[in-house]
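Q: I would like to learn how to read a structure made of two copies of a chain. Can we go through the features one at a time?

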2 protein chains.
Amino acid sequence: MPTEDNLRHAEKMARIKAARDRMMAGKQGEKGLIIVHTGKGKGKSSSGFGMILRCIAHEMPCAVVQFIKGSWDTGERRLLTGHFGDLCQFYAMGEGFTWETQDRERDIAAARAGWEKAKELIRDPRIRMVLLDEINIALRYDYLDLDEVLVFLRSEKQPMTHVVLTGRNARPELIELADLVTEMEQVKHPFRDGIKAQPGVEF
Amino acid sequence: MPTEDNLRHAEKMARIKAARDRMMAGKQGEKGLIIVHTGKGKGKSSSGFGMILRCIAHEMPCAVVQFIKGSWDTGERRLLTGHFGDLCQFYAMGEGFTWETQDRERDIAAARAGWEKAKELIRDPRIRMVLLDEINIALRYDYLDLDEVLVFLRSEKQPMTHVVLTGRNARPELIELADLVTEMEQVKHPFRDGIKAQPGVEF
């Protein structure tokens with residue numbers, strides 16, 4: 001039998017639900033979003049891949065272009081290419097972090113090749129989400145021309161395609177253009193305690 | 001032929017790499033981490049699922065317990081149960097947000113059943129990662145006893161098992177206990193512009 005507390009709770013929640021339903025009734029729009037994940041904390045790429053997997057589950061064709069990672073094996077790549085190659089295209093265009101390659105010209109060439117591939121994918125109306133993993137790094141170091149990227153997203157993105165751009169130090173102009181921006185803030189990180197990058201968590 | 005700029009860049013990057021290699025050499029530890037994703041921004045659950053998929057790719061057995069979601073279909077659930085049921089156990093124990101159920105006693109019972117399942121999974125040494133999706137909500141509303149959860153994580157978690165706890169308003173005592181904490185800060189959200197929750201992005 002419901003207690004008095006529970007009845008009060010139910011009444012309060014019914015009021016909250018009514019207010020929420022009214023609010024949500026005003027939100028009927030759908031559009032392809034420009035989504036940015038930035039900040040120093042963890043979760044920028046992994047939540048991008050989480051969204052890619054939601055797309056796959058809904059059978060929405062999608063694609064990933066990795067701008068920095070590429071020369072090493074990652075769980076995401078193995079899983080997506082191994083199991084879902086029909087729904088998700090995967091291009092690992094990076095050559096590693098810039099302190100690994102030690103070759104700025106090669107880094108720039110790799111970033112530009114990644115961007116050419118990205119443009120092709122974003123123009124393709126069949127593709128519903130394109131994840132540009134770590135592109136913010138390439139933009140920050142001017143491996144890619146910021147204005148060119150902004151103009152392209154503004155004028156050539158398919159209206160229903162979501163584009164997700166990840167990486168630290170997102171350019172303010174990109175944040176201005178985006179529809180959905182999350183800053184992953186690092187509160188605590190186990191590297192401080194001598195713990196190395198571990199499978200499942202970091203890659 | 002490398003330019004002078006490129007040579008200077010290469011030298012600088014070689015110094016950065018040497019410093020980085022020295023730093024990383026000090027990080028050889030491995031352990032099962034307590035990971036918290038909190039904050040008002042997007043990406044808390046999706047990056048949890050991104051890590052679950054990394055585990056699956058590395059063939060690490062893992063599990064998900066959803067504390068709030070449960071009564072509706074999500075892409076994550078469909079994908080994980082449909083494709084990877086052998087590696088990833090999935091328990092949708094929630095009944096929806098508290099303003100949906102309007103029944104505090106039922107919410108509490110659902111949260112406690114979820115926690116009993118979570119304990120069983122976290123005690124199982126074969127399982128390498130357990131995602132407790134939205135458990136922070138259950139802790140915040142006192143559907144679960146915070147001290148019980150903290151004592152359990154401290155004393156009964158398998159040393160190599162990662163436990164990921166998501167949801168807004170993580171309790172400070174949980175943040176204190178955790179190894180890796182990220183606050184997802186909302187910079188911009190398209191609900192403000194009348195855009196509804198969309199497949200691939202939110203579910």
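Q: What rotation and what shift along its axis superpose chain B on chain A?
A: Two copies of a chain are related by a rotation about an axis and a shift along it. In this predicted model, chain B falls on chain A after a rotation of 180° with 0.0 Å of shift along the axis, at an RMSD of 0.0 Å. The two copies are therefore related as by a two-fold rotation axis.

Q: Which residue of chain B comes closest to the rotation axis?
A: Ser47(B) does, with its C-alpha at 1.8 Å from the axis. As for the contact surface, 99% of the contact residues of chain B recur in chain A, so the same surface serves both copies.

Q: How is the size of the contact between chain B and chain A expressed?
A: The size of an interface is often given as the accessible area lost when the parts come together. Here the area buried between chain B and chain A is about 6900 Å², and carbon and sulfur atoms give 59% of that area. In chain B, the residues that lose the most area to chain A are Arg54(B), Trp99(B) and Lys188(B), together 11% of what that side buries. Counted by residues, the contact takes 79 from chain B and 78 from chain A.

Q: How many salt bridges and how many polar contacts link the two chains?
A: Side chains of opposite charge can pair when their charged atoms come close. Between chain B and chain A the count is two salt bridges. The side chains of Glu76(B) and Arg54(A) meet in a salt bridge, with N to O at 2.3 Å. The two chains also have 32 residue pairs in polar contact, both residues at pLDDT 80 or more.

Q: Which elements of chain B supply the side that touches chain A?
A: Several elements each supply at least two residues, among them helix 1 (4-25), helix 5 (104-123) and strand 6 (180-188) of chain B. The largest share, 10 residues, comes from helix 2 of chain B. By class, this side of chain B has 34 nonpolar, 24 polar and 21 charged residues.

Q: In which sense do strand 6 of chain A and strand 6 of chain B pair, parallel or antiparallel?
A: The two strands pair in the antiparallel sense, over seven bridges. In one of the bridges, Val181(A) has Lys188(B) in strand 6 of chain B as its partner.

Q: What does chain A look like by itself, in helices and strands?
A: Chain A has eight helices and six strands. Along the sequence these follow the pattern α-β-α-β-α-β-α-α-β-α-α-β-α-β. The C-alpha atoms of chain A fill a box of roughly 70 × 45 × 35 Å along the principal axes.

Q: How many salt bridges are found over all chains?
A: The whole structure has 22 salt bridges over all chains. One joins the side chains of Arg8(A) and Asp5(A), at 2.8 Å from N to O. Both residues lie in helix 1 of chain A, three residues apart, about one turn of the helix.

Notes
Residues are numbered from 1 along each chain as its sequence is written. Chains are lettered from A and ligands numbered from 1 in the order in which they are written. Side-chain values use heavy atoms; hydrogens and water are left out. Contact means heavy atoms within 4.5 Å. Buried area is the accessible area (1.4 Å probe) that two parts lose on being put together, summed over both. A salt bridge is a side-chain nitrogen of Lys or Arg within 4 Å of a carboxyl oxygen of Asp or Glu. A polar contact is a pair of N or O atoms within 3.5 Å; within protein, one must be able to donate a hydrogen and the other to accept it, and residues adjacent in sequence count only if both atoms are side-chain atoms. Helices (H or I, at least four residues) and strands (E, at least two) are DSSP runs, numbered from the N terminus. Ala, Val, Leu, Ile, Met, Phe, Trp, Tyr, Cys and Pro count as nonpolar, Asp, Glu, Lys and Arg as charged, and the others, Gly among them, as polar. Two strands pair if DSSP finds at least two bridges between them. Copies are superposed by least squares on the C-alpha atoms of residues with pLDDT of at least 70 in both.
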